[in-house]
Amino acid sequence: MKFDESQRGIGMTSERTRERLIDRLKEQGIKSGIVLDQIKKVPRHIFVDEALSSRAYEDTALPIGHGQTISQPYIVARMTEVLLNHVNGNKILEIGTGCGYQTAVLSPLFKKIYSVERINPLLVKTKKRLRSLGIYNVNYRHDDGWNGWEKYGPYDGIIVSAAAPQVPEKLLQQLEIGGILIMPFGEKEKQELVIVYRDGDTFDYKRLGAVSFVPLVKGKK
Ligand code: SAH
């Protein structure tokens, strides 16, 4: 990853500010050194509007336009850690590219990432941003993530950054045997992060606790 662009607003994103975020994530139970290192390296201030740069290293979600948010660093770290610990292969499907922060954190950890976003203007900006950071192992698609991305499946891991009342059936079909899917289930204030393990044609679920995501909306625009 290149960080030329990351020099923007560098005063607000000092080493110490980032260290504080890492300390907080450790306190909350993130253990993987690889994940913590990635969170430290990825310039989160590049993913939010300049007016919000000074808040980029707080452990909170922030608006990114189109009614969407950049995920909270703790959630990005937690979901990345789950994928790292459970995925044996190298092919990841991501639903809800958004501003691309989660994608950037995942990119050096897996060989290939397939990322689907339903809001095209957001996706266009994100592709440009990730390329400016030297991230090239991502394939992007403007589509409704409820359909997954059949062409390149099955996937060793699937990560969904928006909440749905149930797992989209097509995502289960596109999950490799032995693979895992991680996503928030539920509606509005009642959501829970869940891991789905595929063992043959059976699926096991493990609940990881309460979370708050934007909804997985049907259709694209
Ligand atoms: N991964 C982002 C989080 C983005 S917020 C990050 O790192 O910050 C969730 C994203 O999911 C939004 O961009 C939203 O437009 C997208 N989304 C919601 N429903 C979707 C769907 N059905 N298909 C694809 N993307 C969807």
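How far does a polar side-chain atom of E117 lie from an oxygen atom of the ligand? The separation is 2.6 Å. The structure is a predicted model, and the ligand in it occupies the largest pocket. The points below cover the ligand site, the elements around it, one strand pair and two backbone features.

**Polar contacts of the ligand**
- The E117 contact pairs a polar atom of the side chain with a ligand oxygen, at 2.6 Å.
- S161 also uses a polar side-chain atom, which is 3.3 Å from a nitrogen atom of the ligand.
- G96 takes part through its backbone: an N or O atom there lies 3.0 Å from a ligand nitrogen.
- On its own the ligand has 580 Å² of accessible area, and the protein covers 99% of it.

**The shell around the ligand**
- There are 25 residues around the ligand, and those that come nearest are S71, Q102, E117, G145 and V217.
- E117 is thus one of the nearest residues as well as a polar partner of a ligand oxygen.
- Sorted by class, the shell holds 12 nonpolar, 9 polar and 4 charged residues.
- Strand 2 (68-70), helix 4 (101-106) and strand 4 (112-117) are the elements that each contribute two or more residues to this shell.
- Strand 2 supplies the largest share, with 3 residues.

**The hairpin of strands 8 and 9**
- Strand 8, residues 190-199, runs antiparallel to strand 9, residues 202-211, and the two pair over 9 bridges.
- Within this pair, R198 is placed opposite F203 of strand 9.
- The hairpin has 2 residues between its strands, and G200 adopts a positive phi near 65°.

**Backbone features in loops**
- As background, most residues other than glycine have a negative phi, and most peptide bonds are trans.
- H66 is not a glycine, yet its phi is positive, at about 55°.
- The loop that holds H66 runs between strand 1 (62-65) and strand 2, and strand 2 is the element with the largest share of the ligand shell.
- The peptide bond between G153 and P154 is cis, with omega about 0°.
- P154 belongs to the loop between strand 5 (138-142) and strand 6 (155-160).

**Points to locate in the structure**
- For the ligand site, look at the side chains of E117 and S161 and the backbone of G96.
- For the backbone, look at H66 with its positive phi, the cis bond joining G153 and P154, and G200 in the hairpin of strand 8 and strand 9.

Definitions and conventions:
Residues numbered from 1 in each chain as written. Predicted model: local features only at pLDDT ≥ 70, side-chain atom pairs only at ≥ 80, totals over all residues. Heavy atoms only, no water. Near = heavy atom within 4 Å. Polar contact = N/O pair within 3.5 Å; in protein donor to acceptor, adjacent residues only side chain to side chain. Areas by Shrake-Rupley, 256 points an atom, 1.4 Å probe, with all protein chains shown as cover. 1 Å grid on protein atoms, 1.4 Å probe; cavity = no way out; pocket = protein on both sides within 12 Å on 5 of 7 lines; lining within 4 Å. Sits in = over half its atoms within 2 Å of the grid points. Helix = DSSP H or I, 4+ residues; strand = E, 2+ residues; numbered from the N terminus. Nonpolar A, V, L, I, M, F, W, Y, C, P; charged D, E, K, R; others polar. Pairing = 2+ DSSP bridges.
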